[in-house]
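Grab a pencil and work through these short exercises. Each one has a task and then a solution in steps.

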Amino acid sequence: MQAEDMESSMESPNLEFEYGDTDTLTAELSELYSYTEEPEFALNRDYFEEDFKTHARGRRWTELTVEEQRTYVMRLLDALEVTDRDKRLKVARAILYLAQGVFDECDTEVDVLHWSRHNIFLLYDMGIFTALLELLSMEIDNNQACSSAVRKPAISLADSTELRVLLSIMYLMVETIRVQTEDDRPEWKSAREAFKNELGSPLYNGEPFALLLFTMVTKFCSMNAPHFPMKKVLLLLWKTILFTLGGFEELQEMKVRGRERLSLPPLPEDSIKVVRAMRAASPPASAMELIEQQQQQKRGRRSRRPLVKQDSLDTYNERDPFKNDDARDEEEDPEDADSGIEGEVDPMDRDVIIQPPPPPPPLRPPTERVNFPKGLPWAPKVREKDIEHFLETSRNKFIGFTLGNDTETLVGLPRPIHESVKTLKQHKYVSIAEVQITREEELQQCPLTLGEEEVEDTPAEMLYVGMLPNLSQYVIALLKLLLAAAPTSKAKTDSINILADVLPEEMPITVLQSMKLGIDVNRHKEIIVKAISALLLLLLKHFKLNHIYQFEIVSQHLVFANCIPLILKFFNQNIMSYISAKNSICVLDFPHCVVHEMPELTAESLEAGDSNQFCWRNLFSCINLLRILNKLTKWKHSRTMMLVVFKSAPILKRALKVKQAMMQLYVLKLLKIQTKYLGRQWRKSNMKTMSAIYQKVRHRLNDDWAYGNDIDARPWDFQAEECALRESIEKFNSRRYDKNKNGEFAPVDNCLQSVLGQRVDLPEDFHYSYEMWLEREVFSQPIQWEGLLQNP
């Protein structure tokens, strides 16, 4: 029996994955380089040493004083401005070698990272980033390189050499300066703040640095620059936005400060901590798996009920909480263990099982206590709308008329309704978005009375202003790249070629080289998916906090560009094999490959891959895409119906097989919003999933998600809902960002002299037809002067 338990735990182990802004610094640096770029490490070293030996006369870089190092960097900076393209490239490679940590003078990976950090702060202090930015702008505008790349039948690494070197140095600078360490010097801390403000401000051609990278993405997707190294651009864009706007921890702090500023009550809990403390649930077994299990376990046992309906296998329905010995015996049975929500019931959940039954579903909220039931991770929330709806229904039932939005008057309503309203108000949650929408409505109604709105110049605000004119192009370009990199996408002749910065000049000729390139290509695609998913999620979260309508316009562009079916298509694969994919060759990862001797690669060692239980970047991407899908569909009836129409339930249910609490939470959220539309039969045969939703997802006290009343089955009018939203967004944008705003409210000049004295620009041919104009517009028009004397 123990062997069988071991076998089942091997099938879907608990994944020890900690979600964060990024992976470890070493992993993030190694993902910048493709394995085909590996020979270039030695090239960078050679160019540096060739130039450095004339300067240092036999000494090593690590032996120089800081002043001598600064002098040499100044010399490199001057050499970057030469007109000869090849000389510039050599100097850029020497700078890249410094940023990579002068690895030839280091014995361990820790030394490489230490010197890389030291050199990068030195390079930033000497103004290298600004010089690189000018070179990058020149390369982007290099029409000759673009046109030759467009004409080429096959593009390889060689076509993007200059761009790759420049982007690599910039990425190393952004990523290394972004990451804080305990032993940072005071001058490094101030340099970090300065660099962060510099990247987020419109200092580069009047727009933030991220806008330049967005321009590269759209240029690449419009096929005008197929040689751009897209993986490096996307990684740099993601890290720039992460650095300038802030990660998930900073977002939480900004949210807390924002609520304080608006005098809203504090958040009921820290969502990041709650999710980290969650335990994964065992996935619901499919009927086929259960039948196979039965056949494997043919031993003398009592006959069981037929395995047709899954609700008969539900943990809470099957087990009697008041049985003692029998219940324990059944828990030890491996077949029962697989059939419950939890394969092995967590200690927290055991408490729930051996206590009296859990409280009833949240349709009738418990009125005696405010605390949420033991074992549920989230405090329930109620919106103002929900209280209004509850009172409207109650008044119609008991009094026969309603009082609109009045939530205070309870005259004529029975005592239990008073208690219910009291409980609902205790759990009432007002979001920052609701306050922003109310404020926007007031500004639209009373533009003169309320005057100009003071808009704070936050990094998110400056980025939005820069992105607004071409926002739809940026969103479509990112989704095109996501589609091209998705593992479920079929190679089409008209799709974008995202492999320009991974394919070598000479294609592989041996089996080993082909295997290595195959791993490299898959890894390349995974990194692109990781960067795009993290980038989109950050944009959505920051814009939502900055202003709800900024979030809504990005969301709407994503929905109109088919983001919902694209994400569902991404999950319509064997998600377990995607998460456990081993598309990495550890010995070729930076900085390991530049410090240690390279062992001989064999087909067996490539097939074995690394020993990790899961691939961090793939699990990170999956969680990000699920979070984006949640953001797009939350409180949007028409988009929820899209999930139903695209038959997302079975796809999402398969994703529950991944035993990672955070991923399961976002899958269950997506299932919860559509359960009422999936019909009674679906709910009946998926009771384990329903129980998992009850356990893991936050409860809205009036939300009838588990039963599906007719009230919510309203007709699906996608167009009307989206058009109403678009109208609100356009009003917000024109009020806040239109240069000619409030034209109709501009003051009128009533002074005759100043009006006649104004210069009016007339067309050039006006003097030819001047007399005809006078005759037609002035002399032939009868003027009733006496009309002015009569009272109106």
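**Exercise 1. Work out how accessible each partner of the Glu777–Arg776 salt bridge is.**

Step 1: Glu777 has 40% relative accessibility, so it counts as partly exposed; the scale calls a residue buried under 20% relative accessible area, exposed over 50%, and partly exposed in between (1.4 Å probe, protein chains only).
Step 2: Arg776 comes out at 47%, so it is partly exposed as well.
Step 3: Now the pair itself: the two side chains meet at 3.3 Å, N to O. That fits the salt-bridge rule, a side-chain nitrogen of Lys or Arg within 4 Å of a carboxyl oxygen of Asp or Glu.

A quick word on what you're looking at: this is a predicted model, where local features need pLDDT of at least 70, side-chain atom pairs count only at pLDDT 80 or more, and totals for chains, interfaces and linings use all residues. Residues are numbered from 1 along each chain as its sequence is written, and side-chain values use heavy atoms, with hydrogens and water left out.

**Exercise 2. Find which parts of the chain the salt bridge between Asp104 and Arg45 links.**

Step 1: The closest N and O atoms of Asp104 and Arg45 are 3.7 Å apart.
Step 2: Asp104 sits in the loop between α5 (85–99) and α6 (109–125), while Arg45 belongs to helix α3 (residues 39–56). Helices here are DSSP runs (H or I, at least four residues), numbered from the N terminus.
Step 3: The partners are 59 residues apart, so the pair links distant parts of the chain.
Step 4: Asp104 is partly exposed at 41%, and Arg45 is partly exposed at 23%.

**Exercise 3. Do the same for Arg70 and Asp125.**

Step 1: Their side chains form a salt bridge of 2.7 Å, N to O.
Step 2: Arg70 lies in helix α4 (residues 66–79) and Asp125 in helix α6, 55 residues apart.
Step 3: Arg70 is partly exposed, at 26% relative accessibility.

**Exercise 4. Say which residues touch the most other members of the largest nonpolar core.**

Step 1: Start with the rule: a nonpolar core is a set of buried Ala, Val, Leu, Ile, Met, Phe, Trp, Tyr and Cys residues joined through side-chain atoms within 4.5 Å.
Step 2: The largest one has 190 residues, and Trp61, Phe209, Ile241, Phe571 and Met663 touch the most other members.
Step 3: Helix α26 (residues 511–546) gives the most to this core, with 16 residues.
Step 4: A second, separate core has ten residues, including Phe390 and Leu701.

Definitions and conventions: Helices (H or I, at least four residues) and strands (E, at least two) are DSSP runs, numbered from the N terminus.
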